[in-house]
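Trainee: Got a minute to look at this one with me? I'd like to sort out the terms as we go.

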Amino acid sequence: MYFLAAEGGESAHNPIIPLWQEIVVGSVAFAVLCFVLMKFVFPRMEQTFQARVDAIEGGIKRAEAAQAEANQLLEQYRAQLAEARTDAAKIRDDARADAEGIRQDILAKAREESDRVIQAGKDALAAERATIVRELRTEVGTIAVDLASKIVGESLADEARRKGTVDRFLSGLESTGAR
Amino acid sequence: MFGQANVLAAGQAGFPPTVDDFYLPSILPWGAENSYWFTKITAMVWIAVGVLIIFFLASYRNPQLVPTKKQWFAESIYGFVRNNIAVDMIGHAGVRFAPYFTTLFCFVLLTNAFAIIPFFQISPNSHIAFPAILAIISYVLFNYIGIKKHGFVKYFKNSLIPPAPWYILPLLIPIELFSTFIVRPFSLAVRLFANMFAGHMLLLVFTLGGFAMLSANAWLAPVSVLSWVMTIALTFLEFLVICLQAYVFTVLTASYVQGALADEH
């Protein structure tokens with residue numbers, strides 16, 4: 001057949017005229033292909049692309065949010081640290097001031113105490129002295145009167161007591177001594 | 001195949017090849033000459049449709065955010081047409097056409113590829129019926145999109161009246177009408193058809209030529225071998241044409257849609 005067609009020269013077919021059967025078959029086949037691919041495959045690919053974009057952008061957004069939160073926390077910690085430092089310094093200053101106050105208090109108290117002790121000692125001494133002076137006066141008077149009695153030969157004790165001679169003498173002596 | 005080769009070697013096949021070599025006998029009913037419902041050509045179209053559907057459904061049955069190898073491959077085909085054709089030509093609005101363009105690209109590429117796949121070795125697109133269908137769809141698509149976007153009158157005004165001085169318009173409007181609304185579908189269909197037709201014819205010439213020379217004179221055997229080497233070289237060329245024509249058909253369709261969507265001429 002090929003041979004005959006080649007011999008005949010004129011072909012039974014014109015390649016530029018489409019066969020209507022092939023148009024029908026091709027249309028149906030291509031329509032089926034379009035229907036399946038455009039309905040079930042490519043929209044899902046588009047969805048996957050979108051999901052991928054979302055995943056990446058979401059990841060970036062999450063990372064940015066985490067970064068911002070971390071920065072904020074860092075800032076907060078820094079503020080807290082500075083605050084704590086200020087507080088510590090204040091506490092230290094206060095403590096120093098307190099210590100100074102306490103020291104002053106203790107010093108004052110100690111001084112007061114020592115003054116009090118000294119005063120008490122002085123008082124005790126004065127009292128002692130007064131007592132001694134009084135005793136001495138009595139004793140000296142008695143001794144002097146006794147002595148004088150022995151010298152004079154008579155008892156002057158009642159006389160001296162009566163007239164306060166000894167006292168007078170002693171007072172004069174004292175005032176002379178004091179002068 | 002070797003049986004066929006023997007037949008060829010015995011000089012029973014015609015040389016040079018003719019247009020009739022493109023019209024193969026029917027499969028069902030077997031061997032009928034003028035029955036075109038179920039031939040090798042229509043069978044290949046169905047196979048192409050089946051292969052594409054199965055491939056895409058299987059690789060996208062359970063899509064993952066982190067794709068598997070198969071899913072990645074399917075995605076990169078779609079991503080290629082979507083980003084390098086639809087978005088590049090039309091801009092962001094082109095994304096909604098990407099599914100059709102990808103379907104078109106895959107269908108043309110695979111049916112073209114049958115031209116060099118062993119045992120198929122003829123492309124359905126060497127029958128003008130199939131490129132014609134695709135061209136008519138593209139034609140209807142870009143006109144429909146344009147009319148839908150601009151309205152009937154404004155669309156034709158945009159398409160037919162270029163921004164030119166008034167006195168040159170009587171010359172330009174018929175040219176625009178002719179090139180946009182008459183020539184476009186024909187050029188689309190004929191470009192694809194003629195490329196595949198010529199490619200198949202070239203391979204036939206060199207293959208059959210080798211057998212013809214061998215059967216004419218045994219001393220011509222080296223030339224026959226050279227002829228078959230040329231067949232192999234031309235198969236590589238044909239591979240280039242296959243990919244290029246699938247790409248060109250899709251890009252031109254995208255370009256027409258872009259022109260229909262454009263606000264100004």
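Mentor: Sure, and let's start with burial: a residue is buried if 20 or more other C-beta atoms lie within 10 Å of its own, exposed if 12 or fewer, and partly exposed in between, with C-beta atoms placed from the backbone. Keep in mind that this is a predicted model, where local features need pLDDT of at least 70, side-chain atom pairs count only at pLDDT 80 or more, and totals for chains, interfaces and linings use all residues. Residues are numbered from 1 along each chain as its sequence is written, while chains are lettered from A and ligands numbered from 1 in the order in which they are written.

Trainee: Okay, then is Phe119(B) buried or exposed?

Mentor: Phe119(B) counts as exposed, because there are 7 C-beta neighbours inside 10 Å. Phe119(B) sits in the loop between H4 and H5 of chain B, helices being DSSP runs of H or I with at least four residues, strands runs of E with at least two, both numbered from the N terminus. Its phi is positive, about 75 degrees, although it is not a glycine.

Trainee: Which residue other than glycine has phi near 55 degrees?

Mentor: That's Gln121(B), again with a positive value. Gln121(B) is also in the loop between H4 and H5 of chain B, and Gln121(B) is partly exposed because 16 other C-beta atoms lie within 10 Å. Most residues other than glycine have a negative phi, and most peptide bonds are trans.

Trainee: Speaking of peptide bonds, where is there a cis one?

Mentor: From Leu28(B) to Pro29(B), with omega near 0 degrees. Pro29(B) belongs to the loop between H1 and H2 of chain B.

Trainee: Zooming out, how many helices and strands does chain B have?

Mentor: Eight helices and zero strands. Chain A has four helices, and zero strands as well.

Trainee: And what share of each chain is buried?

Mentor: In chain B, 38% of the 265 residues count as buried; in chain A, 8% of the 179 residues do. The C-alpha atoms of chain B fill a box of roughly 70 × 55 × 40 Å along the principal axes.

Trainee: How do the two chains meet?

Mentor: The contact takes 38 residues from chain B and 35 from chain A, where two residues are in contact if their C-beta atoms, placed from the backbone, lie within 7 Å. On the chain B side, H2 (40-59), H3 (69-90), H4 (98-113) and H5 (129-150) each supply at least two residues. H2(B) gives the most, with nine.

Trainee: What's the chemistry of that side?

Mentor: It divides into 28 nonpolar, seven polar and three charged residues. Here Ala, Val, Leu, Ile, Met, Phe, Trp, Tyr, Cys and Pro count as nonpolar, Asp, Glu, Lys and Arg as charged, and the others, Gly among them, as polar.

Trainee: Which residues touch the most other members of the largest nonpolar core?

Mentor: Leu52(B), Ala86(B), Phe101(B) and Phe107(B), out of 62 residues. A nonpolar core is a set of buried Ala, Val, Leu, Ile, Met, Phe, Trp, Tyr and Cys residues joined through C-beta atoms within 7 Å. H2 of chain A gives two or more residues to this core, as do H2, H3, H4, H5, H7 and H8 of chain B. The largest share, nine residues, comes from H4(B).

Trainee: What does Leu52(B) contact?

Mentor: Beyond neighbours within four places in sequence, Leu52(B) contacts Leu33(A) and Leu37(A), plus Cys106(B), Phe107(B) and Leu110(B).

Trainee: Last topic: how far can I trust all this?

Mentor: The predictor gives the complex an ipTM of 0.88 and a pTM of 0.72. Mean pLDDT, the predictor's confidence in each residue from 0 to 100, is 89 for chain B and 84 for chain A. In chain B, H1 (residues 2-9) has the lowest mean, 45, and H4(B) the highest, 96. Over residues 1-11 of chain B the pLDDT is below 50.

Trainee: And where is confidence lowest in chain A?

Mentor: In H1 (residues 2-8) of chain A, at a mean of 41, against 90 for H2 (residues 20-152) of chain A, the highest. Where pLDDT is low, the predicted coordinates should not be read in detail.
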